[in-house]
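Let's take a walk through this one together. Have the sequence and the model open side by side, and follow along as we go.

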Amino acid sequence: MTTIADLPGDLVEEILSRVPMTSLRATRSTCKKWNSLSKNQIFGKKATAARKQFMGFMMKDSRLCSIEFDLQGIRNDDGNFVDPSIKQVSILNQVEVSKVFHCDGLLLCVLEDNSRLLVWNPYLGQTRWIQPRNTFMRHDRYALGYDKNRNHKILRIFYVIDRVSGFEIYDFSSNSWKDLHVTPDWEIMPPRRGVSLKGNTYFPAQKRTIAGVGTRRIIKSEDFLVCFDFTRERFGPLLPLPFHSYNVRLFVSLSCVRDEQLAVLYQRLDTYDGTVGFCVTDKIDPNAVSWNMFLKQVIGFTVKPCAGSFFIDQEKKVAVVFDIDVYKKVKECRYQTAHIIGQDGYLKSVNIGQARDLGRTTGVPSSVVKGFCFPLVCSSYVPSLVQLQINQPQGIRNESDD
């Protein structure tokens, strides 16, 4: 009698290629042959591409969740929007997460209690814990990348109040941290987040200058882009952003487009028209960048500095911005929201759940509500076969154990 395990290899590959990536875990339990095959090849991309889905991960109420958008339904002719599918990641349901970063098919998760870092390969179902040399702090910033030999590393930027006080880097191959002796003349201001692209991480940075003397001194600032090169383990030169920023209060957020381009969202905070713009790189490397305008809209709301993660779909000419909104009748209730922004003034806001009250201040300007959990979304997820040296305390179960 013929069984599933007896099917020809080319037929099995065709079957697995049509399975959505989020359903591959169930197919792996079918038989050992399917399990082994799916962990040595990338499957599921054909199914996701056929449905033109955005697939990514988001931090929601201190839990890591998968998120899927039907990109065909973002902007229908009748103006309807297909709600996103948001599901909590069961393999990580024992931990609370405060931040999440993506690079090369890996997710770097910062635990809510700042005790450790967790690196997870969603496609392979593998996890790896990263311990601090001394202790991690709540205001630390992180970046995940890799060098020219595909060796993965973590950059940690630590702060005293709101100023950078040091840098260190973790090497996966040596399982160790080391100090980086960097004295930049610019700042990465919290809560701005970096985005990894082709192994390197790009940050919005700000350079301040002091004009005048004595009581007439004026501090002026300008926004730039700066790249951390994980091969050279150093920052590159300041790169221009595609808008005027000298002595202008701006909100700036970055996103990755298919690990090929960088996108930037920007909004002036010193005007009241709520103009939000989006640009995409035409060329980018650690030492040079050029930009093209993607979308510019006057939409009448202010993106909150602790939120504002986003993704864009170039084919649909649409941007989706994740933010925290205010329910008009109950001022103390906040809702996590996805704003879908298109051409010709198109704007659709979708409620994706009530924001949990964390009961603490955020340390950001008073225009931002304090103590609520902001939705933070990684760029579009691309699966990988990067192997992690597995360690799994406190009930985290890897799929390879099944």
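Is Phe 235 buried or exposed? Keep in mind that this is a predicted model. With a relative accessible area of 12%, Phe 235 is buried, since the cut-off for that label is under 20%. Its ring partner Phe 167 also counts as buried, at 4% relative accessibility.

Now look at how those two rings meet. The centres of Phe 167 and Phe 235 are 5.5 Å apart and the planes sit at 65°, so this is an edge-to-face pair. Phe 167 belongs to strand E10 (residues 163-171) and Phe 235 to strand E15 (residues 234-235), so the contact links distant parts of the chain, 68 residues apart. Zoom out a little and you'll see a cluster: ring pairs join Phe 167 and Phe 235 with Trp 186, Phe 203, Phe 228 and Phe 230.

Across the whole structure, a search turns up 13 aromatic pairs. Another one to look at is Phe 57 with Trp 120: the ring centres are 5.6 Å apart and the planes are at 75°, so this pair is edge-to-face. Phe 57 lies in strand E1 and Trp 120 in strand E6, so the pair ties together parts that are 63 residues apart in sequence. Phe 57 counts as buried at 4% relative accessibility, and Trp 120 is buried too, at 5%.

Both residues bring us to the largest nonpolar core, which has 21 residues. Phe 57 and Trp 120 are among the members that touch the most others, along with Leu 64, Leu 92, Leu 107 and Cys 109. Strands E1 (53-60), E4 (97-103), E5 (106-111) and E6 (117-121) each supply at least two residues of this core. Apart from it lies another core, of 20 residues, including Cys 256, Leu 262, Val 264 and Ile 284. As a general matter, nonpolar side chains tend to be buried together in soluble globular proteins.

Next, find the open sheet of four strands, ordered E16-E17-E18-E19 with antiparallel pairing. Strand E16 (250-257) and strand E19 (288-298) are the edges, each pairing on one side only. From one strand to the next, the twist averages 25°. Inside the sheet, five bridges join strand E17 (residues 261-268) to strand E18 (residues 275-285), and Tyr 266 stands opposite Gly 277 in E18.

Last stop: charges over rings. Arg 116 lies over the face of Trp 129, 3.8 Å from the ring centre. Over at Tyr 146, the charged end of Arg 150 sits above the ring, 4.2 Å from its centre.

Notes
Residues are numbered from 1 along each chain as its sequence is written. This is a predicted model: local features need pLDDT of at least 70, side-chain atom pairs count only at pLDDT 80 or more; totals for chains, interfaces and linings use all residues. Side-chain values use heavy atoms; hydrogens and water are left out. A nonpolar core is a set of buried Ala, Val, Leu, Ile, Met, Phe, Trp, Tyr and Cys residues joined through side-chain atoms within 4.5 Å. Buried means under 20% relative accessible area, exposed over 50%, partly exposed in between (1.4 Å probe, protein chains only). Two strands pair if DSSP finds at least two bridges between them. Axes are lines fitted to C-alpha atoms, for helices over the stretch in contact, and angles run from 0 to 180 degrees between N-to-C directions. Rings of Phe, Tyr and Trp (its six-membered ring) pair if their centres lie within 6.5 Å; planes under 30 degrees apart count as stacked, over 60 as edge-to-face and the rest as tilted. A charge sits over a ring if NZ of Lys or CZ of Arg is within 6 Å of the ring centre and within 35 degrees of the ring normal.
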